[in-house]
Amino acid sequence: DNPSCVWVDSKVLTVIIGSNATFNLGDAISFKSDAIQSSQSSAPLSGSVPITGSVVVPSVTLSSRTPPTVHVSDGITLDASLVSGSGGRPVEYTWRVSSSSSTKNANLTAIMTILELAAGPYITIPSSALTGGVDYTFSVTVTNFFGETSQANIQSVSVVADNALLVTILADPFVDLSPSVNYTLSSVLSFGPKVPF
């Protein structure tokens, strides 16, 4: 999208291919006949030049949009949208899950099916696929158009039964507690349905 050509000086032409381009390293850029010449008295530029450059390795960060411990009915949402090194093109996501519990007890087959069908950076595991009393570990690998891959940090989520007691402190992730500032924390007592107190 939005390709352009920019003259850096009288001898250097920069070609900006834009996002979602189909070029790859080793492909050739051909010059259109009679389209480029350095002066009126010179012959037009012709031929082609290969695209060269260094291979870019992607980087991805995996984060959880749910707390480290959740009730079965809460479900799990994961976010791997923070990616660099894509070259302005979509990357491929490969999701994985594991658990210290057995595959049957953790319902891993159902979760792996959900992950295999996922094609983007966001994953939501519904409550119907989760089992209380199980710790799940998720990971994701991204592949860019160079074929280079990178695996994100893993995210572990503990799932407890809906009748288990959870207390959550709600606060900003970064808090500056200087001596002259009073900071008030709120909490949620959860026993089945969440009840503020």
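This passage describes a salt bridge, the aromatic contacts and one buried strand residue in a predicted model.

A convenient place to begin is with the charged side chains. A search of the whole structure turns up 1 salt bridge. Its partners are D79 and R65, whose closest N and O atoms lie 3.2 Å apart. This pair links distant parts of the chain, with the two positions 14 residues apart in numbering: D79 belongs to strand β7 (residues 76-84), while R65 sits in the loop between β5 (59-64) and β6 (69-71). The two ends of the bridge also fall into separate accessibility classes. D79 has a relative accessibility of 11% and therefore counts as buried, the limit being under 20%. R65, in contrast, has a relative accessible area of 53%, so this residue is exposed, the limit here being over 50%.

Aromatic rings come next. The count of aromatic pairs comes to 2. A ring also meets a charge in this model: the charged end of R89 is placed over the ring of F145, at 3.7 Å from the ring centre.

Finally, V140 offers a look at a buried position. This valine is part of strand β10, which spans residues 134-143. Its relative accessibility is 0%, and V140 is therefore classed as buried. Leaving aside residues up to four places away in sequence, V140 touches V60, L62, A80, Y93, T94, W95, S150, Q151 and A152. For one of these neighbours, V60, the separation along the chain is 80 residues, yet the C-alpha atoms of V140 and V60 are 8.4 Å apart.

Methods
Residues are numbered from 1 along each chain as its sequence is written. This is a predicted model: local features need pLDDT of at least 70, side-chain atom pairs count only at pLDDT 80 or more; totals for chains, interfaces and linings use all residues. Side-chain values use heavy atoms; hydrogens and water are left out. Rings of Phe, Tyr and Trp (its six-membered ring) pair if their centres lie within 6.5 Å; planes under 30 degrees apart count as stacked, over 60 as edge-to-face and the rest as tilted. A charge sits over a ring if NZ of Lys or CZ of Arg is within 6 Å of the ring centre and within 35 degrees of the ring normal. Helices (H or I, at least four residues) and strands (E, at least two) are DSSP runs, numbered from the N terminus. Buried means under 20% relative accessible area, exposed over 50%, partly exposed in between (1.4 Å probe, protein chains only). Contact means heavy atoms within 4.5 Å. A salt bridge is a side-chain nitrogen of Lys or Arg within 4 Å of a carboxyl oxygen of Asp or Glu.
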